[in-house]
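Colleague: Could you take me through the hydrophobic packing of this one, starting from a single spot and working outwards? Please give me your cut-offs as you go.

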Amino acid sequence: MKIMKRVNIKYLVCSFILILSLTLGAGCHLLPSVDFMPPPSPPSSYTATPIDPEWTLPPIESDAQALPDIADVVAKVKPSVAAINVITYDILNRPQEGAGSGWIIDEDGIIVTNHHVVEGADSITITLANGETFPAEAVCIDPLTDLAVVKINAQNLPAANIGDSSELRVGDWVVAIGNSLGLGISATKGIVSCLGVSLPVSSGQTLYDLIQTDAAINPGNSGGPLVNMRGEVIGITSVKIAMVGVEGMGWAISSKVAMSIIEELVKNGYVIRPWLGVGVSTVNEYLKYKYNLVVNKGAFISEVVADSPADEAGLEVGDAIVSFEDREITTAEELIQAIHSYQIGQSIKITYWRDNTKHITYAILIESPPP
């Protein structure tokens, strides 16, 4: 027995030494190298500087004919699609690469993409279909709708045609074109599966009027165009649910929603909306217990911006808004929608609970500040 134990210990020690040597020998694969050089300066984009205050949207095509087949659609649109590559640096200053897509809306270098593609990027590079590469000169973002506009120093680019998403029908053929998996521009086809979809994508953020499609959408497709059989952009690919057993469910922001946002980003640098000046989340059991709320629904105030309309109206962190003018409020999303449905300068009646007491106050909505 003692001999057997010695043999087992001997093999155990040898195995440990072998594993350790392999680990050290492969260390460059298991442990990423650390570069302590400072990262490059972030793009000058996030200053909300207008790209072109006089810019107007290209007209929506109304008399274009459907193309014979999908290959013709791809041939028409692909030159207008760009690959977007971003680099961000982690807390150890190690570069992390990401990929997305965009499409040319203006021949003078204005490119549409998603906010989440460029969010937090330290550098942004645009590669056109002809292989030319440009750094982003400006990036204007709208996190609420997950849209962004990137400006590059280029002219005479092949701009895509814009279509009317309100003309879509469930069952219509559509094509998604983008930088799938960061491997270059490719195309997938499918149909419109559903229209007018609302989808919560994060706490306090819901995307509205989405186009659901079964066209294959993969990482890297975000920001690319979803086009109809006339080769017109009727959506901007944005969301895919990645779950076991879920297939053929991707979403695009409809052109009907996106175009007005894109125009404001180009002309103003940011989207001007009515603003109350609160951060909110939906009332839940935890918040109800922590803040002694007597309501089980509403928009819970987690932040009040100093000198904002909410601050001047006396709202405080811990309050739960249950009514906004004539609308019942049961979630944070409903409050955000309600705020944006009224006019800048309008006085709004707000009903809220603080502890176990119901209150009413009034706030005058003002123009949202630049991001």
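**Into the core**

Modeller: Let's start at alanine 258: leaving aside its neighbours within four places in sequence, this residue is in contact (heavy atoms within 4.5 Å) with Leu147, Ile236 and Ile253. Before going on, bear in mind that this is a predicted model, where local features need pLDDT of at least 70 and side-chain atom pairs count only at pLDDT 80 or more, while totals for chains, interfaces and linings use all residues. Residues are numbered from 1 along each chain as its sequence is written, and side-chain values use heavy atoms, with hydrogens and water left out.

Ala258 is one of the six members that touch the most others in the largest nonpolar core, a set of 35 residues; the other five are Trp103, Ile105, Leu210, Met259 and Ile262. By nonpolar core I mean buried Ala, Val, Leu, Ile, Met, Phe, Trp, Tyr and Cys residues joined through side-chain atoms within 4.5 Å. Buried is under 20% relative accessible area, exposed is over 50% and partly exposed lies in between, using a 1.4 Å probe and protein chains only. The top contributor to this core is helix α5 (residues 255–268), which puts in 6 residues. Helices (H or I, at least four residues) and strands (E, at least two) are DSSP runs, numbered from the N terminus. There's also a second, separate core of 21 residues, with Ala299, Ala313, Phe324 and Ile350 among them.

Zooming out, the protein chain has 8 helices and 22 strands, and 43% of its 371 residues are buried. Of its contacts with a separation of 6 or more, 62% link residues 24 or more positions apart.

Some of those strands are worth a look. Strand β1 (residues 81–89) runs antiparallel to β2 (residues 95–106), with 9 bridges between them; strands count as paired if DSSP finds at least two bridges. Tyrosine 89 has proline 95 in β2 as its bridge partner. The hairpin has 5 residues between the strands, and asparagine 93 there takes a positive phi near 60°. β1 also pairs with β4 (residues 123–127), again antiparallel, over 5 bridges, and asparagine 85 stands opposite threonine 125 in β4.

Last stop: serine 368, in the segment after β22 (366–367). Its relative accessible area is 10%, so serine 368 counts as buried. Leaving aside neighbours within four places in sequence, serine 368 is in contact with Tyr270, Val271, Ile272, Arg273 and Trp275. The serine 368 side chain also reaches the backbone oxygen of valine 271 at 3.4 Å.

Technical notes
Polar contact = N/O pair within 3.5 Å; in protein donor to acceptor, adjacent residues only side chain to side chain.
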